[in-house]
Amino acid sequence: PIDLHLDLVPQDMPVPNRPIFNTKNPRILKANLAGFERLLDHNKKAKIIWAHAGSDPLLTKTPDIIRALMSRHANLYASIRAGFRGGPPPAILLDGALHIKPPWLALLREFPDRFVLGSDQFHPPSTSSRRTPQEGLDNLIKIVEQLPPDLARAIAFDNAVRLFKLGP
């Protein structure tokens, strides 16, 4: 499996004005969706695990886009990152009360064998006022606890065992 950290840029767009983006980078991001689909088509046997489902920095990785891509590409998987908080943008998996949003739950149910938990977190300096990585990991636990038992087991365990061939 290939663990791919790719922020989706469906069309050319300005870099969002948020502190997580390096101001030394170009101010316009070039579209990469077509290139991503070429990669997925290049070797259909390659399992591509797309990182940061549910908490991507550009807020472009919505359930609708993931659904469309998974429908077209059987080799596309995704790892869930819960981030540090929920919120209104559709690309964020959790709402403000840290409940799974209905469109995300529908996507997880539609593709129960294509999601795993991701532990990729930002680690701010100890002097930072930003929240700790532990909060993101705690949110992953909250997600699993909200899923029906069979889906929780698949996403939290079975899918990773199958994808990474961790079994006996």
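In what order do the four strands of the open sheet lie, and is their pairing parallel or antiparallel? In this predicted model, the strands follow the order 1-4-5-6 and pair in the parallel sense. The edges of the sheet are formed by strand 1 (residues 2-4) and strand 6, each of which has a single partner strand, so one side of each is left without a neighbour in the sheet. From one strand to the next, the twist averages 30 degrees. Three bridges join strand 1 to strand 4 in parallel pairing, and within these strands aspartate 3 stands opposite isoleucine 49 of strand 4.

Two helices were examined in relation to the sheet. Helix 1 packs on the sheet through contacts with strand 1, strand 4 and strand 5, and its direction makes about 145 degrees with that of strand 4. Helix 5 (residues 149-163) lies across strand 4, strand 5 and strand 6, and runs at about 105 degrees to strand 6.

Helix 2 (residues 63-72) has both buried and exposed positions. Pro63, Ile66, Leu69 and Met70 are buried in this helix. Viewed down the axis of helix 2, the buried residues fall within an arc of 135 degrees, and they therefore line one face of the helix. Such an arrangement can be read against the general geometry of the α-helix. With 3.6 residues a turn, residues three or four places apart in an α-helix point the same way. On the other side of helix 2, Asp64 and Ser71 are exposed. The cover over the buried residues of helix 2 includes elements of both kinds: helix 1 (33-42) and helix 3 (102-110), together with strand 4 (48-53), strand 5 (76-80) and strand 6 (115-117).

The packing of helix 2 against helix 3 was considered further. The axes of helix 2 and helix 3 come within 9 Å and cross at roughly 15 degrees. Since angles under 35 degrees count as roughly parallel, helix 2 and helix 3 are assigned to that class. The crossing of helix 2 past helix 3 is left-handed. From helix 2, Pro63, Ile66 and Arg67 take part in the contact, where they meet Pro103, Trp104, Ala106, Leu107 and Glu110 of helix 3. Of these helix 2 residues, Pro63 and Ile66 are among those that are buried.

The loop between strand 4 and helix 2 contains threonine 60. With a relative accessible area of 11%, threonine 60 is buried. Residues up to four places away in sequence being left aside, threonine 60 touches Leu8, Pro10, Met13, Ile65 and Ala91.

Methods
Residues are numbered from 1 along each chain as its sequence is written. This is a predicted model: local features need pLDDT of at least 70, side-chain atom pairs count only at pLDDT 80 or more; totals for chains, interfaces and linings use all residues. Side-chain values use heavy atoms; hydrogens and water are left out. Buried means under 20% relative accessible area, exposed over 50%, partly exposed in between (1.4 Å probe, protein chains only). The arc is that of the directions from the helix axis to the C-beta atoms. Contact means heavy atoms within 4.5 Å. Two strands pair if DSSP finds at least two bridges between them. Axes are lines fitted to C-alpha atoms, for helices over the stretch in contact, and angles run from 0 to 180 degrees between N-to-C directions. Angles under 35 degrees count as roughly parallel, over 145 as roughly antiparallel, 65 to 115 as roughly perpendicular and the rest as oblique. A crossing is left-handed if the near helix is turned anticlockwise from the far one by less than a right angle, and right-handed if clockwise.
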